[in-house]
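Please work through the following exercises with the structure at hand. Each task is followed by a solution in steps.

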Amino acid sequence: MTDEPRFEHPPEEAATSYLADGYSLRSWFLTTDHKRIALLYLVSITFFFLVGAGAAALIRLDLLTPQGDLLSNDGYNRAFSIHGIVMVWFFLIPAIPNVLGNFLVPIMIGARDLAFPRLNLLSWYIYILSGLLTLYVVVGGGVDTGWTFYTPLSSVYANGAVVATIVAVFISGFSTILTGLNFIVTIHKLRAPGMTWSRLPLFIWSHYAVSIIFVLATPVLAITLLLVAAERLIGIGVFDPRLGGDPLLFQHLFWFYSHPAVYIMVLPALGVVSELITAAAHKRIFGYWFVAFASIAIAVIGFMVWGHHMFVSGQSVYASAVFSFLSIAVAVPSAIKVYNWTVTLYKADIAIDAPLLFALGFIGLFVAGGLTGLMLAMLAIDVHVTDTYFVVAHFHYIMVGGSVTAFFGGLHFWWPKITGRLYNETLARIAAILILIGFNITFFPQFMLGYEGMPRRYHVYPPEFQVLHVISSMGAALLAIGYAMPAVYLIWSLLPGGRRAPANPWGASGLEWTTSSPPPQHNFIGQPVVVRQPYDYPLAHPVSRDDG
Amino acid sequence: MSGGILFWPPAASHHAEQVDLLIGSFGAMTWLLTLPVFVLMAWFTIRYRRSRDVNRDHAPTRNLWVELGWSIIPFILTLGFYVWATMLFLDIYRPPADAVPIHVVAKQWMWKFQHPDGAREINALHVPAGRPVKLIMTSEDVIHSFYVPALRVKQDLVPGRYTSLWFDAEKPGRYPLRCAEFCGTDHSVMGGMLIVMPPQDYAAWLARNRDGGTDGTLAQAGARLFRDLGCSGCHGAASTVKAPPLGGIFGRPVALSSGDTLIADDQYLSDSILLPNKQVVAGYDPIMPTYGNVLRPEQVNALVAYLKSTRASKDSP
C-alpha cells in the first residue's frame with residue numbers, strides 16, 4: 001500500500017468524450033479516431049457474424065435428419081463454405097484485434113491514436129469492400145470449395161463464384177496487413193514516457209505477436225489464392241497435375257498461412273483473458289515474462305507446424321514425424337499461460353463478475369480444444385480422426401469456445417469504457433453460463449461423432465449418427481440464445497437513462513482505466529506518464545464498482 | 001427418429017485396437033494433468049472471492065522453478081506418447097512383402113478397385129481376412145480420401161501421384177468405407193463397403209468375378225495393352241526405334257539424362273507413360289509421345305502391373 005500515484009497526468013478536466021465529438025455521418029465515416037473506427041468494426045463484424053451464424057443455423061437444421069431434408073447437396077456445400085469463409089476472414093480474424101485492439105492498443109500504452117490513423121480508416125474500408133464482394137458471392141451463386149480452397153477442386157472442378165470469393169479474401173488481406181503494420185509501429189514508437197517493454201500490458205504483448213503474424217503470413221495466402229484464380233481462369237498449371245502442377249503444393253502454401261491464422265484468432269484472445277483474470281483477481285499476474293514470451297513463442301513456433309494438417313495427404317512420413325513433434329512443442333507456451341492464470345487466482349481478491357465467468361469459461365474450453373489438438377498432433381490418432389467431426393469439434397473449441405468467448409468477455413469488460421454505460425450484470429452472468437453450457441452441448445458430441453467415423457462436410461450421413469447430431473443442433477439453439485442475450489442488454493444499456501459508468505468500474509489497473517468513460521477524443525487530458533509496474537495491485541487509489 | 005446411436009466404433013484390425021489403446025491412454029494422461037488445474041481454479045475462485053476474509057499475505061508473483069516444472073514435465077510425458085504414436089503411424093507405410101496389392105482409383109464420386117488377378121469392382125472392396133492388403137491409390141480428378149473407420153486408417157488419393165497404405169483386417173464383416181476429403185457435390189454419398197471375407201470365401205469370390213476370363217489377370221490385361229497401344233513397337237527387343245528396354249525394370253535403378261538416378265517404382269512408371277518428358281532415361285532422346293489423354297488410370301495400373309511381372313531377358317520388352 002502506498003500513496004504514490006500510479007500514473008502521473010494532469011488532473012481531469014471536463015473534456016468532450018469521443019462519442020460526443022460530432023454526430024454527423026461524416027464524423028463517423030471519415031473519422032481517423034481509432035476509437036470510432038473500432039466501433040465501425042464492431043458494427044460490421046457483428047453483421048458478418050450474423051451472416052456466418054445464419055449459415056451455421058442452416059447447417060445444424062439440415063443435419064437434424066441423416067438424409068438432409070432442408071438443403072440439396074450443393075446447397076449444403078455452399079452453406080458450410082460460406083460459413084467458414086465469413087467466420088474466419090470476416091469475423092474471427094478481425095474481431096478482437098480490430099475492435100478491442102483498435103480501441104485499446106493506443107489507450108493502454110498512453111498514446112493519442114494509432115501511428116497511422118488514416119491507414120487505420122483505410123483498412124476498415126478495405127475490409128468493407130472485401131466483405132461486400134463476399135456478400136455478392138453469397139447471393140450470386142455461392143461457392144462450394146470450403147474455406148480451404150483445396151486444389152484441383154477449387155482451381156478446376158468447383159462450381160460457383162470461386163474467383164470472386166478468392167478476390168474478396170485477397171482484398172481482405174490488405175486490411176489485415178495494414179492493421180498489423182499499424183499496431184507494430186504504434187507499440188514501438190508511441191508508448192508513453194515510462195511505458196517500458198516490461199510494463200506493457202499482456203494484451204499489448206499478444207497484439208504485438210499477432211501483428212507479426214498478420215504481416216508475415218497474410219502475403220503468402222494472398223499469392224497462393226491468386227495462383228488458384230490464375231489457374232482457374234487461364235490454366236497456368238501450378239496445382240493441376242494434368243498440367244504438370246502439384247496439388248499438395250497448394251496445401252503447403254495454404255497451411256503455411258492458415259495454421260498461423262489459427263493463432264491470429266487465438267493470440268488476441270489470450271491477451272484479453274490475461275487482462276480479465278488479473279482485473280477480477282486484483283492481483284499481479286503470476287509469471288509476467290513467461291506469459292508475455294509465451295505469446296511470442298506461439299507466434300514463432302506457429303509458423304513451423306503447418307504440415308500437421310497434411311499427415312494423410314501423401315507428404316513424406318518423416319516430414320510428418322517432424323511436424324508432429326513441433327505441434328506438440330507449440331502446446332507448451334499455451335499450457336504455460338493456463339498454469340499462470342490459475343496460480344494468479346491463488347491468494348487473490350476475486351470479484352466474480354461476468355468478465356471473469358467468460359474468462360474461466362474460455363480457459364476450460366481452450367484447454368479442451370488444446371488437448372484435443374495434442375491428440376490430433378499424435379500421428380496414429382490423426383490418421384483416424386483427421387477430416388472428421390473430431391477436427392470440427394477441436395477447432396470450434398479453440399475458435400468459438402476460445403476466441404469468441406474471449407471476445408464476449410472483453411466486450412463486457414471494456415463496454416463501460418467504450419460506451420460509458422453499465423449493463424445489467426445479472427443478465428450478463430446468465431449469458432456467460434448459458435454460452436458455456438450451450439457450447440458444450442453443441443460441440444462435445446462432435447468429438448464422439450468424429451471418433452466414430454463421421455467425416456466432416458457430410459450433407460448425407462449414416463443413420464447411426466443421428467442422435468448425436470440432434471443433440472448438437474439443440475445445443476446450437478441454446479448457444480444462439482446465449483449469444484443473442486448480450487445483444488439485447490448491451491444495446492439496452494445505451495438507451496437514454498442507462499446507468500453511467502465511472503472511469504474505473506472494476507477497480508482495475510491499466511492506463512485505460514485512468515481516463516474517463518468514455519475517453520476524450522485524444523484519450524487523455526495531457527500526456528500520461530507511467531511510473532509503476534503493470535498489474536500493480538492493490539491499487540494506490542482503490543475504486544469500487546459502485547462509486548460512479 | 002429413424003437413427004440410432006453408436007458409442008464406440010467397431011475395430012476390425014489389430015492396428016485399430018492399438019489406436020484405441022493409444023487414445024485411451026493419452027486421454028487418461030491429459031485428464032490427470034488437467035483435472036488438478038480445473039479443481040484448483042474453481043477452489044481458488046471460491047476461496048479467494050471478494051467477500052471472504054482469508055489470508056492473502058505473501059501471494060507469489062513468480063517462481064522460475066515452478067514455471068520450468070510445469071513446462072517441461074508434461075512435455076516429456078507427452079513425448080512418450082509421441083514416440084508411441086509415431087511408431088504406430090510408420091507401420092501403416094511399411095507393408096509386408098506378401099501383402100496383396102489392390103489398385104484403387106477414385107473419381108467424382110465413386111471408388112474403383114482392381115484386384116491383381118483381374119477382378120474389378122466399384123464401391124465395394126472384397127479382401128481376405130487375416131491377410132495383409134496393400135492399396136495402391138490414385139485419383140482421376142480431385143483429391144479424395146480413403147477412410148475405413150473400423151480400420152482407423154485414412155489416406156488421401158491425389159491426382160497425378162500414387163499413395164498407398166496397408167492393413168490387415170482380421171475380423172470378417174462389412175465395414176463402411178467413406179470419402180473423407182471434400183470432393184465436390186456428392187462428397188457425402190461417395191461411400192462404399194469394405195467386405196472382409198474368410199480366405200476361402202475370398203478365393204471363391206475372386207473365381208466368380210474374374211471378368212468372364214476375357215481379361216485374365218491385371219498383368220495379362222497390361223500385356224495386351226502393351227501390344228495394342230504399340231508400346232512393344234519401340235520398347236520391344238526387335239525394334240529399330242531406340243527406346244529403353246523395360247524387362248524387369250520395376251525396382252531397379254534408372255539413370256536419367258538429368259544425371260540423377262532413381263528406383264523405378266509405380267510413380268516413375270506411371271509418370272513415364274503419362275508425362276514422358278518428365279524423366280528421360282540417360283542416353284535416349286525424349287521422343288516418346290504422352291499417353292496422358294489416351295489412357296485411364298486403370299489402364300496405367302494394368303500396364304505397370306505387366307511391367308512388374310516381366311523379367312529382364314534378351315527377348316522381353
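Two strands count as paired if DSSP finds at least two bridges between them. The model examined here is predicted.

**Exercise 1.** Determine how many bridges join β1 and β5 of chain B, and whether the two strands run parallel or antiparallel.

Solution. Locate β1(B) at residues 100-107 and β5(B) at residues 133-139. The two strands are joined by 7 bridges and run parallel. As one example, B:P101 has B:K134 in β5(B) as its bridge partner.

**Exercise 2.** Place the strands in their sheet and explain which of them stand at the edges.

Solution. The open sheet has 5 strands in the order β3-β2-β1-β5-β8 (chain B), with mixed pairing. β3 (120-122) and β8 (163-167) of chain B each have a single partner strand, so one side of each lacks a neighbour in the sheet. On average, neighbouring strands are turned by 25 degrees against each other, direction ignored. Next, add helix α7 (residues 297-309) of chain B, which lies across β1, β2 (110-114) and β5 of chain B. Its direction is at about 160 degrees to β1(B).

**Exercise 3.** Describe the pairing of β6 and β7 of chain B, and state whether the residues of β7(B) are buried or exposed.

Solution. β6(B), residues 144-148, pairs with β7(B) in the antiparallel sense over 5 bridges. Within this pair, B:Y147 stands opposite B:K154. The hairpin has 4 residues between the strands, and B:R152 takes a positive phi near 60 degrees.

Turn then to β7(B), residues 153-157: 5 of its 5 residues are buried. In a regular strand the side chains alternate between the two faces of the sheet. Here B:V153, B:Q155 and B:L157 point one way, B:K154 and B:D156 the other way, and all are buried.

Notes
Residues numbered from 1 in each chain as written. Chains lettered and ligands numbered in written order. Predicted model: local features only at pLDDT ≥ 70, side-chain atom pairs only at ≥ 80, totals over all residues. Heavy atoms only, no water. Axes fitted to C-alpha atoms, helices over the stretch in contact; angles between N-to-C directions. Contact = heavy atoms within 4.5 Å. Buried < 20%, exposed > 50% of the residue type's maximum accessible area, 1.4 Å probe, protein only.
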